[in-house]
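I sat down with this model to look up a few things a bench biochemist might ask about. Here are my notes, in the order I made them.

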Amino acid sequence: MTRWGAPVISALFLFLGGCAGDGSTFGEGGIPLEPTLESIQANIFDLRCTSCHTVGGSAPFSLDSGLSYDTMVGVPSTNLCFGVDRVEPGEPDDSCLVRVIEGFVLPQMPLGGAPLSEEEIQAIRDWIQGGAEP
């Protein structure tokens, strides 16, 4: 190893260790994936759902930012889960959203795309379990 090799490698480890952060997982939406509507909106709905679930889109309701809460929470499902709300606060197992992203109701969402990851599904379940706050 050259005389500069050891110091450069040591500096690299210090730099990388400093970048480790607090352990938060940042989603593709640029904010940590957390069980909040803001995080779910940025990391899941905006990236994976709004190609269909948008105003004037092919899906029956919008998941656009600023609209998703009012189109889901406490709103009866009209096409996939009859008798169940799209999101029932405090009850993820009784929420159509959870049923369709987990594949218990077909077609599994997102339609035509890869299923959500376990981490993404858990964030949605935890948000609903916590009361599905706006």
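The entries below go from the overall fold to the helix packing, the cysteines and a few single residues.

**Entry 1: overall fold**

I began by noting that this is a predicted model. I then looked up the secondary structure and found 5 helices and 0 strands. Reading along the sequence, I wrote the pattern down as α-α-α-α-α.

Next I checked burial across the protein, which has 134 residues, and buried residues make up 36% of them. I also looked at contacts between residues at least 6 apart in sequence, and 38% of these join residues at least 24 apart.

**Entry 2: H2 against H5**

I wanted to describe one pair of packed helices. Two packed helices are described by the angle between their axes and the distance between the axes, so I looked up both values. Helix H2 covers residues 37-49 and helix H5 covers residues 118-129; their packing angle is about 135° and their axes are 10 Å apart. I therefore noted H2 as oblique to H5. For the hand of the crossing, I have H2 passing H5 in a left-handed way.

Which residues of H2 and H5 make the contact? From H2 I listed Leu37, Ile40, Asn43, Ile44 and Arg48, and from H5 I listed Glu120, Ala123, Ile124 and Trp127. Sorted by character, the residues of this contact come to 6 nonpolar, 1 polar and 2 charged.

While I was on H2, I also looked at Leu47, which lies in this helix. Leu47 is partly exposed, with a relative accessible area of 43%. Its C-alpha atom is 7.9 Å from that of Glu28, and the two residues are 19 apart along the chain.

**Entry 3: the cysteines**

How many disulfides does a search of the whole structure find? My search turned up 1 disulfide. The partners are Cys81 and Cys96, with their sulfur atoms 2.1 Å apart. I looked up the torsion about the S-S bond too: for Cys81 and Cys96 it is about 70°, so I put the disulfide down as right-handed.

The pair links distant parts of the chain, as Cys81 and Cys96 are 15 residues apart. Cys81 sits in the loop between helix H3 (68-72) and helix H4 (96-102), while Cys96 is in helix H4. Are these two buried or exposed? Cys81 has 3% relative accessibility and so counts as buried. Cys96 is buried as well, with a relative accessible area of 6%.

I then turned to Cys49, which is in no disulfide; the nearest cysteine sulfur belongs to Cys52, 9.0 Å away. Why is Cys52 not bonded to Cys49? Their sulfurs are 9.0 Å apart, and Cys49 holds the closest cysteine sulfur to that of Cys52, so the gap is too far for a bond. For anyone wanting the cut-off, a disulfide here needs sulfur atoms within 2.5 Å.

I noted the accessibility of this pair too. Cys49 is buried, with a relative accessible area of 14%, whereas Cys52 is partly exposed, with a relative accessible area of 26%.

**Entry 4: Ser77**

I found Ser77 in the loop between H3 and H4. Ser77 is buried, with a relative accessible area of 7%. I set aside its neighbours within four places in sequence and listed what Ser77 is in contact with: Phe82, Val84, Asp85, Arg86 and Cys96. Cys96 is the residue I had already met as a disulfide partner of Cys81.

**Entry 5: backbone oddities**

My last look-up was the backbone. Most residues other than glycine have a negative phi, and most peptide bonds are trans, so I made a note of places that depart from this.

The peptide bond from Leu106 to Pro107 is cis, with omega near 5°. Pro107 lies in the loop between H4 and H5. I found that the peptide bond from Met109 to Pro110 is cis too, with omega near 0°. I placed Pro110 in the loop between H4 and H5.

What about phi at Ala132? Ala132 is not a glycine, yet I found a positive phi of about 50° there. I placed Ala132 in the segment after H5. Ala132 is also buried, with a relative accessible area of 0%.

Conventions: Residues numbered from 1 in each chain as written. Predicted model: local features only at pLDDT ≥ 70, side-chain atom pairs only at ≥ 80, totals over all residues. Heavy atoms only, no water. Axes fitted to C-alpha atoms, helices over the stretch in contact; angles between N-to-C directions. Helix = DSSP H or I, 4+ residues; strand = E, 2+ residues; numbered from the N terminus. Parallel < 35°, antiparallel > 145°, perpendicular 65-115°, else oblique. Left-handed = near helix turned anticlockwise from the far one by under 90°. Contact = heavy atoms within 4.5 Å. Nonpolar A, V, L, I, M, F, W, Y, C, P; charged D, E, K, R; others polar. Buried < 20%, exposed > 50% of the residue type's maximum accessible area, 1.4 Å probe, protein only.
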